Amino acid sequence: MKTYQLGVMHGDGIGREVIEATLAVLEAANQGREQVKLKLETLPMGFSAIDRYGHPLPEETKEKLAQKDGWIMGPHDSAAYPERFKAERNPSGELRHYFDLFANIRPAKSLKGINGLVNEADLIIYRENTEGYYPDRNMYSGVGEWMVTPDVAVSSGVFTRKAIERIARAAFEAAMKRKKQVTIVHKANVIRLGTGLFKDVCYEVAKEYPEVEVNDFHVDAMAAHLVKRMNDFDIIVTENMFGDILSDLTGELVGGLGLSPAINANESQAMAQAVHGSAPDIVGQEIANPVGIMLSTVMLLEWLANKHQDKMLLNLAKKIETSILTTLEKGETTPDLGGTKSTQTFTEAVIKHLD
Ligand code: ATP
């Protein structure tokens with residue numbers, strides 16, 4: 001039986017609270033006769049890493065992650081890091097770039113017991129994660145933006161056939177297991193070359209999947225369609241920045257940032273990372289909602305289970321997911337969702353519902 005090697009980085013702000021909650025649920029769920037072999041190793045990232053190693057993402061962390069099957073990544077408060085780190089990629093940008101985690105997969109699903117602005121929605125955004133309009137990761141060396149004069153800034157966008165093909169394929173593969181429906185999001189009427197290439201290459205990949213129904217929208221129109229009729233969409237594929245913005249929108253539409261999960265994946269490794277940030281405003285108050293990172297960890301376990309054809313691991317993921325959803329359905333929620341549970345009592349409720 002395979003032993004899954006997983007890294008754990010608590011990060012900053014509410015990271016410690018929500019990740020400890022997740023590990024408690026993982027441990028409680030993986031008890032009994034049918035245990036999956038998981039080997040977890042805590043690795044430094046964030047302020048604690050600056051204090052101990054002089055850098056928010058030490059080389060040692062990257063070297064160790066290279067040996068892992070996957071990892072759980074907490075949030076970082078990089079806006080508050082000392083000035084000398086401001087010109088560098090932040091820890092999650094660096095990990096996405098360094099490990100070439102090209103697919104940022106962000107589901108948004110209506111959940112029972114959660115009052116979303118829309119109901120009955122169930123879609124997944126496949127966001128290209130390595131280039132596009134994010135200048136911290138679209139260069140081989142250096143950063144893709146420049147101050148030409150103190151009053152003139154130039155920011156670049158990069159679009160390559162290779163990166164578009166692989167995110168499009170990931171999206172179409174996912175569509176084949178769901179409703180066989182893909183929506184391409186771009187802005188090819190104005191950004192004709194860059195996002196035009198994105199759109200055209202997605203349509204080329206679509207030819208490999210004749211059973212999948214494909215349409216496309218400009219990103220601005222898509223924002224309006226999501227608010228008006230989110231239920232009509234299933235898989236959305238888009239470039240980096242559009243995906244970042246649209247996934248915050250879809251997360252909020254189905255109930256809020258604290259719930260939104262995500263993984264970042266390449267062919268061989270995946271990183272669980274909630275959509276929310278380090279939420280410095282609520283640190284230590286015991287009100288952080290751990291659902292985002294708990295469901296991200298479920299996604300990581302499912303991704304590993306599919307990769308290794310491991311039914312036991314899939315069962316473990318499903319068991320944790322069911323228990324989280326049951327807890328929410330019963331109205332046992334943290335204050336951001338209108339409930340009265342603390343991070344700890346919510347976690348205890350999830351553990352109780354595992355049975
Ligand atoms: P970052 O730049 O790291 O993304 P941010 O402050 O822009 O940070 P978040 O940290 O995600 O964004 O916080 C946005 C708001 O949502 C804050 O008011 C925060 O308290 C709240 N929030 C974020 N995550 C959670 C959570 N897990 N539970 C409860 N509230 C949360």
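This briefing describes the overall fold of one chain, the surroundings of its ligand, and two residues in helices. The structure is a predicted model. Its chain comprises 11 helices and 12 strands. With a radius of gyration of 20 Å, close to the 20 Å that the globule rule gives for 355 residues, the chain is as compact as a globular protein of that length.

**The chain as a whole**

- The C-alpha trace of the chain spans about 55 × 50 × 45 Å along its principal axes.
- Of the 355 residues in the chain, 54% are buried.
- Among contacts in the chain with a separation of 6 or more, 73% are between residues 24 or more positions apart.
- About 16,100 Å² of the chain is exposed, and carbon and sulfur atoms supply 51% of that area.

**The ligand and its surroundings**

- The ligand is surrounded by 13 residues, of which His276, Gly277, Ala279, Asp281 and Asn289 are the closest.
- By class, this shell consists of 5 nonpolar, 6 polar and 2 charged residues.
- Asp281 approaches the ligand through its side chain, where an N or O atom is 2.9 Å from an oxygen atom of the ligand.
- Ser278 is placed with a backbone N or O atom 3.3 Å from an oxygen atom of the ligand.
- At Asn289, a polar backbone atom is 2.9 Å from a nitrogen atom of the ligand.
- On its own the ligand has 610 Å² of accessible area, and the protein covers 59% of it.

**Thr22 in helix H1**

- Thr22 is found in helix H1, which covers residues 15-29.
- The relative accessible area of Thr22 is 4%; because this is under 20%, the residue is buried.
- A polar atom of the Thr22 side chain lies 2.8 Å from the backbone oxygen of Val18.
- Apart from its neighbours within four places in sequence, Thr22 is in contact with Pro290, Ile293, Met294 and Thr297.

**Leu249 in helix H8**

- Leu249 belongs to helix H8, which covers residues 240-253.
- Leu249 has a relative accessible area of 25%, and therefore counts as partly exposed, in between the 20% limit for buried and the 50% limit for exposed.
- When its neighbours within four places in sequence are left aside, Leu249 is in contact with Ala223, Leu226 and Val227.
- Ser110 is 139 residues from Leu249 along the chain, and the C-alpha atoms of these two residues are separated by 13 Å.

Technical notes
Residues numbered from 1 in each chain as written. Predicted model: local features only at pLDDT ≥ 70, side-chain atom pairs only at ≥ 80, totals over all residues. Heavy atoms only, no water. Near = heavy atom within 4 Å. Polar contact = N/O pair within 3.5 Å; in protein donor to acceptor, adjacent residues only side chain to side chain. Areas by Shrake-Rupley, 256 points an atom, 1.4 Å probe, with all protein chains shown as cover. Nonpolar A, V, L, I, M, F, W, Y, C, P; charged D, E, K, R; others polar. Helix = DSSP H or I, 4+ residues; strand = E, 2+ residues; numbered from the N terminus. Buried < 20%, exposed > 50% of the residue type's maximum accessible area, 1.4 Å probe, protein only. Contact = heavy atoms within 4.5 Å. Rg over C-alpha atoms; globule rule 2.2 N^0.38 Å.
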